Amino acid sequence: MLTIFCRHTSASLLIQENAAPAARRDLERYFERIAPESSGYEHDDEGPDDMPAHLRAALTQTQLSIPVADGRLALGTWQRIYLFEHRDSTPEREIVLHLVGE
Amino acid sequence: MLTIFCRHTSASLLIQENAAPAARRDLERYFERIAPESSGYEHDDEGPDDMPAHLRAALTQTQLSIPVADGRLALGTWQRIYLFEHRDSTPEREIVLHLVGE
Amino acid sequence: MLTIFCRHTSASLLIQENAAPAARRDLERYFERIAPESSGYEHDDEGPDDMPAHLRAALTQTQLSIPVADGRLALGTWQRIYLFEHRDSTPEREIVLHLVGE
């Protein structure tokens, strides 16, 4: 089994549709809408995209574990793993991969 | 430990209340409200329930790992594992179960 | 790897910012806003904070697995693990810890 762990609170992991770029754009727009940039947050040390980034990370995944079968991730046909960047800038990100064999 | 993995991006996994059917109905209505069917999505290849299904999957879980103790899942008294279907139709779904013994 | 499992459907787990208390307050206010107490839920056996607690749990995590390296959790510099209590009262909570060594 492969465990993927995102070492950040303003980026996250997501398994989503791998084929349609339009689905990715809708997804990004959706999270911009339900956790919007706003002047209404108390925490804005790093700018208006700071707190919405934490909220979008809280609503998605910091960790994913995916079974491995016959040497391949047992993802479905339409699944792909994404790093979901929530900041406007694109800071360097660290992902920990942890593979347990059997 | 048992890992449950849902091989789809329009259905997901959820651990929720096992006793009250009303709680399940409220939960379904809630996700219909925060990720509604709408004509406003760019991605609608498979109809109006296509994109909201991806959004509801993104907001819940594709994978769950549950410790096993004394041969039983260590679920709480009120917990049950659900496959959360987000499409209007009910396509066949594949779930991968991965059990690691100790 | 350490797996943390919350045996409840009205509390959940979250990896979030460890430094700024303002970020935690914004996060709590956000979940109060997107899954509010309301008289509109069918399920209210235990009061108005009953169903929103289940919704907030559904939107966050019941389980987290964190790789261990050199005897320490491989958390990022700004990450901390939180138990996110969704009820107004503070009932006793049970968390299962499952450590797999290599």
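# Exercises on a predicted three-chain model

Chain A can be superposed on chain B with an RMSD of 0.0 Å by a turn of 120 degrees and a shift of 0.0 Å along the axis. The model is a predicted one.

## Exercise 1: The axis

Task: State what turn lays chain A on chain C, and which residue of chain A comes closest to the rotation axis.

Solution.
- Step 1. Laying chain A on chain C takes a turn of 120 degrees and a shift of 0.0 Å along the axis, and the RMSD is 0.0 Å.
- Step 2. These two copies are therefore related as by a three-fold rotation axis.
- Step 3. Among the residues of chain A, A:L59 comes closest to the rotation axis, with its C-alpha at 3.3 Å.

## Exercise 2: The side of chain A that touches chain B

Task: Describe the interface of chain A and chain B by its contacts, its buried area and the elements of chain A that take part.

Solution.
- Step 1. Begin with the contacts: 29 residues of chain A touch 23 residues of chain B.
- Step 2. About 2200 Å² is buried between the two chains, and carbon and sulfur atoms hold 57% of it.
- Step 3. The rule finds two salt bridges across this interface. A salt bridge joins the side chains of A:R25 and B:E42, at 2.5 Å from N to O.
- Step 4. Between chain A and chain B, 13 residue pairs are in polar contact.
- Step 5. In chain A, strand 2 (11-17), helix 1 (21-34) and strand 3 (63-66) each supply at least two residues of the side that touches chain B. Helix 1 of chain A gives the most, nine residues.
- Step 6. Sorted by class, this side of chain A has 17 nonpolar, seven polar and five charged residues.

## Exercise 3: The side of chain A that touches chain C

Task: Do the same for the interface of chain A and chain C, and name the three residues of chain A that supply 25% of the area that chain A buries there.

Solution.
- Step 1. Here 23 residues of chain A are in contact with 29 residues of chain C.
- Step 2. The two chains bury about 2200 Å² between them, 57% of it on carbon and sulfur atoms.
- Step 3. The three residues asked for are A:F5, A:E42 and A:H98, which supply more of the area that chain A buries against chain C than any other three residues.
- Step 4. Two salt bridges are found across this interface. A:E42 meets C:R25 in a salt bridge between side chains, 2.5 Å from N to O.
- Step 5. The count of residue pairs in polar contact between chain A and chain C is 13.
- Step 6. The elements of chain A that give two or more residues to this side are strand 1 (2-6), helix 2 (50-59) and strand 7 (95-99). Helix 2 of chain A has the largest share, six residues.
- Step 7. The residues of this side of chain A divide into 11 nonpolar, 10 polar and two charged.

## Exercise 4: Comparing the surfaces

Task: Why do the copies, chain A and chain B, meet through different surfaces?

Solution.
- Step 1. Take the interface residues of chain A and ask what part of them are also interface residues in chain B; the value is only 17%.
- Step 2. With only 17% shared, the copies therefore meet through different surfaces.

## Exercise 5: Two loop residues

Task: Decide whether A:H43 and B:D70 are buried or exposed.

Solution.
- Step 1. A:H43 is in the loop between helix 1 and helix 2 of chain A. The cut-off for buried is under 20% relative accessible area. A:H43 has 3% relative accessibility, so A:H43 counts as buried.
- Step 2. Leaving out residues up to four places away in sequence, A:H43 touches A:D50, A:M51 and A:H54, and also C:A20, C:A22, C:A23 and C:D26. With A:D50, A:H43 makes a polar contact from side chain to side chain, at 3.2 Å.
- Step 3. B:D70 is in the loop between strand 4 (68-69) and strand 5 (72-73) of chain B. Exposed means over 50%. The relative accessible area of B:D70 is 80%, so B:D70 is exposed.
- Step 4. B:D70 and B:A53 are 17 residues apart along the chain, and their C-alpha atoms are separated by 37 Å.

## Exercise 6: A helix of chain B

Task: Why is helix 2 (residues 50-59) of chain B said to be largely enclosed by the rest of the structure, and what covers its buried residues?

Solution.
- Step 1. In helix 2 of chain B, 10 of the 10 residues are buried, so the helix is largely enclosed by the rest of the structure. Among the buried residues are B:D50, B:H54, B:R56 and B:L59.
- Step 2. The cover includes strand 2, helix 1 and helix 2 of chain A, strand 2 (11-17) and helix 1 (21-34) of chain B, and helix 2 (50-59) of chain C.

Definitions and conventions. Residues are numbered from 1 along each chain as its sequence is written. Chains are lettered from A and ligands numbered from 1 in the order in which they are written. This is a predicted model: local features need pLDDT of at least 70, side-chain atom pairs count only at pLDDT 80 or more; totals for chains, interfaces and linings use all residues. Side-chain values use heavy atoms; hydrogens and water are left out. Contact means heavy atoms within 4.5 Å. Buried area is the accessible area (1.4 Å probe) that two parts lose on being put together, summed over both. A salt bridge is a side-chain nitrogen of Lys or Arg within 4 Å of a carboxyl oxygen of Asp or Glu. A polar contact is a pair of N or O atoms within 3.5 Å; within protein, one must be able to donate a hydrogen and the other to accept it, and residues adjacent in sequence count only if both atoms are side-chain atoms. Helices (H or I, at least four residues) and strands (E, at least two) are DSSP runs, numbered from the N terminus. Ala, Val, Leu, Ile, Met, Phe, Trp, Tyr, Cys and Pro count as nonpolar, Asp, Glu, Lys and Arg as charged, and the others, Gly among them, as polar. Copies are superposed by least squares on the C-alpha atoms of residues with pLDDT of at least 70 in both. Buried means under 20% relative accessible area, exposed over 50%, partly exposed in between (1.4 Å probe, protein chains only).
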